[in-house]
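Work through the exercises below with the sequence and the model at hand. Each task is followed by a solution in steps.

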Amino acid sequence: MSGELEGRVALVTGAAQGLGAAVSDALAGEGATVVRTDVAGGDVTLDVRDEGAVRDAIAGAAERHGRLDVVVANAGVALVKPLAETSLEEWRGLMQINLDGVFVTAREAALQMAARGGGSIILMASISGLRGSPLIGTYAAAKAGVISLAKTLALEMRDHGVRVNAICPGFIDTAMVRDHEATLTQAIGMPALDVINAKQGRLGTANEVGRLALFLASDRSRFSTAEAFVLDGGSTGSLV
Ligand SMILES: NC(=O)c1ccc[n+]([C@@H]2O[C@H](COP(=O)([O-])OP(=O)(O)OC[C@H]3O[C@@H](n4cnc5c(N)ncnc54)[C@H](O)[C@@H]3O)[C@@H](O)[C@H]2O)c1
């Protein structure tokens, strides 16, 4: 049985674990050839802070496989700290990965795809980029930037057949959330997962994000571009 991405080529950043791994598995499960990149290793070791390395990885994947249909800019880190206590160094350190890294990945993907007749670029944002987000303000500012980047790049690339969309997950069960659970719990004075569960009902799963990415990568979403897709169990839709 052939998958709906048979013959397509994808590249994912931050693909060693968590959402990047689940997205890669979802695309590969439908027959795509997936180039998994990560600073911690993968098919290609890639730190998204290195502009030249990002350019080489994306151009290299396109040349090696003769095409590049899907790029997922997923690599990111978290910082749990009130803005008033955040140093400029900490702010810049996060922005370098979560915003600059996404910009360079998306730009290089757009250039390759425009030259090769089109494609789908997916940027991993967050619901934190849509709302005030106490304790994760630096992270949220970067994600708001990612959403804006997706919308503008999509409009600039529309005539080249390149679609660009952002995914805005709520809290998903990955190391990023589990690793910061204690800090969050301490900061809010009660179990962080209780607060998240009360808002979302439960943590999302990485596979659920993978399935949305698969839709955005495939032709089934061909009328969708310049959009931010929320996947959060209803938490941003709620008044309370
Ligand atoms: N887990 C959530 O609740 C959640 C919610 C919304 C958005 N997101 C976003 O999803 C993305 C993936 O998060 P996750 O939950 O899988 O986290 P994770 O920590 O499990 O995985 C992140 C991956 O990114 C890689 N990475 C970190 N810095 C990098 C760099 N400089 N260059 C290349 N790779 C780098 C890590 O090695 C790791 O494999 C992030 O952008 C995150 O902000 C996560």
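**Exercise 1: the nonpolar cores**

In this predicted model, the largest nonpolar core has 38 residues, and those touching the most other members are L11, L68, I121, L123, L153 and V164. Determine which elements give two or more residues to this core, and list the contacts of V164 beyond its neighbours within four places in sequence.

Solution.
- Step 1. Strands β1 (9-12), β4 (70-73), β5 (119-124) and β6 (162-169) are among the elements that give two or more residues. Helices α2 (51-65), α3 (88-115) and α4 (137-157) complete the list.
- Step 2. With its neighbours within four places left aside, V164 is in contact with I121, L123, A150, L153, A154, T225, A226 and E227.
- Step 3. I121, L123 and L153 are named both among the contacts of V164 and among the residues touching the most other core members.
- Step 4. Another core, of 25 residues, lies apart from this one; its members include L5, V23, I122 and V209.

**Exercise 2: α1 and α8**

Describe how helix α1 (residues 18-29) packs with helix α8 (residues 206-217).

Solution.
- Step 1. The two axes are 8 Å apart, and the angle is about 50°.
- Step 2. Angles from 65 to 115 degrees count as roughly perpendicular and those under 35 as roughly parallel; α1 and α8 are therefore oblique to each other.
- Step 3. The crossing of α1 past α8 is right-handed.
- Step 4. On α1, the contact is made by G18, L19, A22, V23, A26 and L27. On α8, A206, N207, V209, G210, A213, L214 and A217 take part.
- Step 5. Sorted by class, this contact has 10 nonpolar, 3 polar and no charged residues.

**Exercise 3: α6 and α7**

Classify the packing of helix α6 (residues 181-188) with helix α7 (residues 192-200).

Solution.
- Step 1. The axes come within 8 Å and cross at roughly 85°.
- Step 2. This angle falls in the range 65 to 115 degrees, so α6 and α7 are roughly perpendicular to each other.
- Step 3. E181, L184, T185 and I188 of α6 meet A192, L193 and V195 of α7 in the contact.
- Step 4. The contact has 5 nonpolar, 1 polar and 1 charged residues.

**Exercise 4: S224**

Is S224 buried or exposed?

Solution.
- Step 1. S224 lies in the loop between α8 and β7 (227-231).
- Step 2. The relative accessible area of S224 is 19%.
- Step 3. Buried means under 20%, so S224 is buried.
- Step 4. Leaving aside neighbours within four places in sequence, S224 is in contact with R163, N165 and F229.

Key: Residues numbered from 1 in each chain as written. Predicted model: local features only at pLDDT ≥ 70, side-chain atom pairs only at ≥ 80, totals over all residues. Heavy atoms only, no water. Core = buried A, V, L, I, M, F, W, Y, C linked by side-chain atoms within 4.5 Å. Buried < 20%, exposed > 50% of the residue type's maximum accessible area, 1.4 Å probe, protein only. Helix = DSSP H or I, 4+ residues; strand = E, 2+ residues; numbered from the N terminus. Contact = heavy atoms within 4.5 Å. Axes fitted to C-alpha atoms, helices over the stretch in contact; angles between N-to-C directions. Parallel < 35°, antiparallel > 145°, perpendicular 65-115°, else oblique. Left-handed = near helix turned anticlockwise from the far one by under 90°. Nonpolar A, V, L, I, M, F, W, Y, C, P; charged D, E, K, R; others polar.
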